[in-house]
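Reader: I am new to this structure and would like to be guided through it. Could we look at it together, one part at a time?

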Amino acid sequence: MAERIVPGSVIDGFVVGPHVHSGAMGNIFEVTKPGLDGPMIMKVPRVGPNEPSEGIISFETEATIVPALSSPHLPRFIAAGDLARTPYLVVEWIEGRSLEEVLAGGPLPPLEAARIGAALADALHSLHEQEAIHLDLKPANVILKDDGTVALIDFGFAHHARFPDLLAEETRFGAGSKAYVSPEQIQGTREDPRSDLFSLGVVLYEMVTGTFPFEPDTDVRNRLWLDPVPPAVLVPETPPWLQEVILRCLDPRAERRYQSAAHVAFDLRNPEQVVLTARARKSVRLGIMQHVRRFLHARRELGVRLRETNVPAGRPPIIMVAVDTAHPDDERQGAIQRATQQILSLSQEFRVVCVSVIRSVPLMDGAAESETASGIHFEHLVRLRHWVEPLRMPVQRISLHAIESENPAEALLEFANRNHVDLIVLGAPGPTRPDRSWWRSVASTVTANAKCSVHVVRVADRAVTSR
Amino acid sequence: MILALLSDLHANLEALHACLRHATERRAERFAFLGDLVGYGADPAAVIDLVAEHAARGAVVVQGNHDAAVANGMGGLNDAAAESLEWTRKVLSPAHRAFLASLPLIVRHDDICFVHATADAPERWAYMETNGAARQSIEAAATTYTFGGHVHQQVLYFHTLTGKVAPFHPVAASPVPMPSHRRWHAIVGSVGQPRDGNPAAAYALFNPAAEEMTFFRVAYDHIATAAKIRRAGLPELLARRIEDGV
């Protein structure tokens, strides 16, 4: 049986202070700990034979996901107790006002709603970049900080691609908060970041109009087909571009919404860039038939745009990708691979040369084949071959090179110049890897001295999930 | 002590060497081999020797369906398997066959159950393809953790608090928390014959102190392995599977 945590308790050095909040999941207390600065809160689940299991599963979900996240838009993880003995989670207390409190005073001017919406989209982008989805976005979980940015709290319903989804099978617990939940979540999908963009659309709608696009008291499934009242009908000063953004977020089909939170943030900050469709000036709800027609129309438009993709003229360009085969599990490998894939998707003509610069090997041969110079060289070629496999390139368009050199930047530049490379793709230095500080100079030296374009692939700043 | 879990080696010596080296670099001190040491591949004797060395030093080894078929002289499930089993039987010494015959179907150690297929009926070699099958195995194991192979893919089944079982498809090299208040069945993938389109060898490391498992994919010279299979005169299909990882 778990220890009882009350104000005054001392748990693993944390002094439990006043009770802050009591929610469905459990209790929240202020805590302090000698040696740790800044306000902190401790979340404690309700455990016991008569408590619903939702609370403990939500708690476990949050305690698994929060430590893997790192961003100014999310609470910083501080400590967690053993789930079987003393379950608790200590995180940074984020100063600010909750959006729920702000909205209690009524709807916001449209431009203020757009400003907060953009900050909220930034926070979602940061979360999605870390392979997590909130899935319970609502004003109560949005904290407006004094510096104008937004933080997200409460990850009890979240999904993270790298951890077992403890809520995946618990369908009877329902999905998210009724007013904000996306159509696909209602159908049991928990793996689509665009679900958060639907909820963002609901929050934007609520900020502008003070009401919900889909009445929470009605059957939640109606949002699969129901067309919401356009915001400008309720608040005539809503600019067409803002209505466009809101209604695009609220599209029942995820593929017709914005595809990333970053795009929503961009549009909310650059109204002149928003592509206005019929949605922008809609002043009545659509009927079902019109809805279907609008979908078919959009699909035709998209088809035209795809056919217009520019194919570069002239000889097939050569792309050189610098692959660090000494660290095959490094996070940047995936990012570089994705960047390469994106570049390759532009044309069928590109050629790819993959280059790994390996430190010179002493000529003295080791005992085993794998320790000899040729063995090590071969090992790196094998890893390169493994690295290019997901690109599914025909062999005649690809070549692999392991170059021995004590000066990686010089080796890469020389190789690129000699082979008339058109584009160099390489990873940006990570900020928190002192053991790879040499790579910092490689990226900058190559960028500064290359005769061609250089694509420096950066991985979003985040905590690696190893603990 | 970090425990390396290797299954479905299928007489692939290059892949086994690569995984053992990878595990040792990551401070693995205990080893468990979860069956199907032989079948399909060209190096059954060398693989058995290597596994037997580890067994002599305390590694857990359980029997797989291919091992049982070679030891007991039974036929294979399909033509290529049957042909490779017959070939394997011919190239193995009586001592090798005796080693395979001596392997247990299931081993329970501390709070871990080791089995090739499923813990509820290990001798039936059932493929764990549904959540219900995983639940039966987890419940029959009666341990917190069950580690197995047989399906040649990396999947982690976990018991939810309401008694259901759900699958999780792990991301390579990313540690997965496996707290002991839940029960788990990890399928660690195949060292010697991956079938998910990625030819890299699959295995996993379990850290009991941290209650955490990391699934890995390890690149090795699979082209050389495929060439060996061809040279041995084994069915072409088996070489292609190694090259394409299917």
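Author: The turns below take up the contact between the chains, then strands, then helices. Please keep in mind that this is a predicted model.

Reader: Let us begin with the two chains. How many residues of chain B are in contact with chain A?

Author: On the chain B side there are 20 residues, and they are in contact with 22 residues of chain A.

Reader: Which elements of chain B give two or more residues to that side?

Author: They are the strands β7 (154-159), β8 (165-168) and β9 (176-177) of chain B.

Reader: And how do the residues on that side divide by class?

Author: The side of chain B that touches chain A has 14 nonpolar residues, four polar and two charged.

Reader: Turning to chain A, what is the strand order in the open sheet of three strands?

Author: The order is β7-β9-β10 in chain A, and the pairing is antiparallel. At the edges are β7 (97-98) and β10 (150-152) of chain A, each of which pairs on one side only.

Reader: How many bridges are there between β9 and β10 of chain A?

Author: Strand β9 of chain A, residues 142-144, pairs with β10(A) over three bridges in the antiparallel sense. Within that pair, A:I143 stands opposite A:A151 of β10(A).

Reader: What holds paired strands to each other in general?

Author: Strands of a sheet pair through backbone hydrogen bonds, in either a parallel or an antiparallel manner.

Reader: Which helix lies across β9 and β10 of chain A?

Author: That is helix α3 of chain A, residues 110-129, which runs at about 45° to β10(A).

Reader: Does that helix have a partner among the other helices, and if so, at what angle do α3(A) and α8(A) cross?

Author: The axes of α3(A) and helix α8 of chain A, residues 261-269, cross at roughly 160° and come within 8 Å. Because an angle over 145 degrees counts as roughly antiparallel, α3(A) is roughly antiparallel to α8(A). The crossing is left-handed.

Reader: Which residues meet there?

Author: Among those in α3(A) are A:A114, A:G117 and A:A118, and those in α8(A) include A:V264, A:L268 and A:R269. By class, this contact has nine nonpolar, three polar and two charged residues.

Reader: May we go back to the start of chain A? What joins β2(A) to β3(A)?

Author: A hairpin joins β2(A) to β3(A) through three residues. Five bridges link β2(A) with strand β3 of chain A, residues 26-33, and the two run antiparallel. In this pair A:H21 stands opposite A:I28.

Reader: And β1(A) with β2(A)?

Author: They also form a hairpin, with two residues between them, and A:D12 in the turn has a positive phi of about 50°. Strand β1 (residues 10-11) and strand β2 (residues 14-22) of chain A run antiparallel and are joined by two bridges.

Reader: A last topic, chain B. How do α3(B) and α4(B) pack?

Author: Helix α3 (residues 65-72) and helix α4 (residues 79-91) of chain B pack at an angle of about 60°, their axes 9 Å apart. That angle makes α3(B) oblique to α4(B). B:H66, B:A69 and B:V70 of α3(B) make the contact with B:L85, B:T88 and B:R89 of α4(B).

Reader: Is B:T88 buried or exposed?

Author: B:T88 is buried, because 28 other C-beta atoms lie within 10 Å, and 20 or more count as buried. Leaving aside neighbours within four places in sequence, B:T88 is in contact with B:A11, B:V38, B:G39, B:P44 and B:V70.

How values were computed
Residues numbered from 1 in each chain as written. Chains lettered and ligands numbered in written order. Predicted model: local features only at pLDDT ≥ 70, side-chain atom pairs only at ≥ 80, totals over all residues. Contact = placed C-beta atoms within 7 Å. Helix = DSSP H or I, 4+ residues; strand = E, 2+ residues; numbered from the N terminus. Nonpolar A, V, L, I, M, F, W, Y, C, P; charged D, E, K, R; others polar. Pairing = 2+ DSSP bridges. Axes fitted to C-alpha atoms, helices over the stretch in contact; angles between N-to-C directions. Parallel < 35°, antiparallel > 145°, perpendicular 65-115°, else oblique. Buried ≥ 20, exposed ≤ 12 C-beta atoms within 10 Å, placed from the backbone. Left-handed = near helix turned anticlockwise from the far one by under 90°.
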